[in-house]
Amino acid sequence: MQVSKAMSSEVKIASPDQSIRDAARLMAQLDYGCLPVGEDDHLVGMITDRDIAVRAVAAGKSLKTPIREIMSREVMYCFEDAEVDEVAQNMADIKVRRLAVLDHGKRLVGIVSLGDIALTEGADRAASALCGISQPGGDHSQSAASA
């Protein structure tokens, strides 16, 4: 199955100049765990609920802190026509729970999450990805030392 059949296509894009409070409110309102961050029609980062908790709240930052100060700048993504099994394995390898989904013009068309994979491909595929994601370490690990 292609990612386009599993992804969430209703995506809101945050501005890097918005406050983390605005981002958290939008996530709460929409029941999202992450928001892509865009500027000048380009993706410039991703912000997750965990980024807010670890990189802002735990570090004592103000609710007015701009998203750009705590967002992940490296946007991990897949293409909409990629196979879900391959994407799930990639998520396990790079240890992320969500990926931006792009078309081949590199335009954002959705977000695919571990939950989306569980709902469309079943618990086994999602569990396998989660095992890889949950291994300690990796480039996207967040700890108080790296915050």
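At roughly what angle do the axes of helix H3 and helix H4 cross? Keep that pair in mind while setting up the view; the tour reaches the answer after a look at the whole chain. The model is a predicted one.

**Whole chain**

Show the chain as a cartoon and colour by secondary structure. Five helices and five strands should appear, and tracing them along the sequence gives α-β-β-α-β-α-β-β-α-α. Switch to a surface: about 8,100 Å² is exposed, and carbon and sulfur atoms supply 48% of that area. Of the 147 residues, 39% are buried. For contacts between residues at least 6 apart in sequence, 59% join residues at least 24 apart.

**H3 against H4**

Select residues 84–94 for H3 and 114–121 for H4. Their axes come within 11 Å and cross at roughly 145°. The crossing of H3 past H4 is left-handed. Now add side chains: on H3 the contact uses Val 84, Asp 85, Ala 88 and Met 91, while H4 contributes Leu 114, Ile 117 and Glu 121. Five of the contact residues are nonpolar, two are charged and none is polar.

**The largest core**

Next, select Val 3, Cys 78, Val 87, Met 91, Leu 99 and Val 112. These have the most contacts inside the largest nonpolar core, a set of 19 residues. Helices H3, H4 and H5 (123–134) and strand E4 (98–102) each supply at least two residues of this core. H3 gives the largest share, with five residues. Met 91 is worth a second look, being part of the contact of H3 with H4 and also among the core residues with the most contacts.

Centre on Leu 99 and display its surroundings. Leaving aside neighbours within four places in sequence, Leu 99 contacts Met 76, Tyr 77 and Cys 78, then Val 87, Asn 90, Met 91 and Ile 94, and also Gly 110, Ile 111 and Val 112.

**The second core**

Clear the selection and pick Ala 14, Ala 23, Ile 52 and Ile 67. They are among the 13 residues of a second core, separate from the other.

**Ile 13**

Finally, step back along the chain to Ile 13, in the segment before helix H1 (20–30). What does Ile 13 touch, beyond residues up to four places away in sequence? The list is Pro 36, Val 37, Gly 38 and Leu 108. To finish, draw a C-alpha to C-alpha distance from Ile 13 to Glu 39: the two are 9.2 Å apart in space and 26 residues apart in sequence.

Conventions
Residues are numbered from 1 along each chain as its sequence is written. This is a predicted model: local features need pLDDT of at least 70, side-chain atom pairs count only at pLDDT 80 or more; totals for chains, interfaces and linings use all residues. Side-chain values use heavy atoms; hydrogens and water are left out. Helices (H or I, at least four residues) and strands (E, at least two) are DSSP runs, numbered from the N terminus. Buried means under 20% relative accessible area, exposed over 50%, partly exposed in between (1.4 Å probe, protein chains only). Contact means heavy atoms within 4.5 Å. Accessible areas come from the Shrake-Rupley method with a 1.4 Å probe; for residues, only the protein chains shown count as cover. Axes are lines fitted to C-alpha atoms, for helices over the stretch in contact, and angles run from 0 to 180 degrees between N-to-C directions. A crossing is left-handed if the near helix is turned anticlockwise from the far one by less than a right angle, and right-handed if clockwise. Ala, Val, Leu, Ile, Met, Phe, Trp, Tyr, Cys and Pro count as nonpolar, Asp, Glu, Lys and Arg as charged, and the others, Gly among them, as polar. A nonpolar core is a set of buried Ala, Val, Leu, Ile, Met, Phe, Trp, Tyr and Cys residues joined through side-chain atoms within 4.5 Å.
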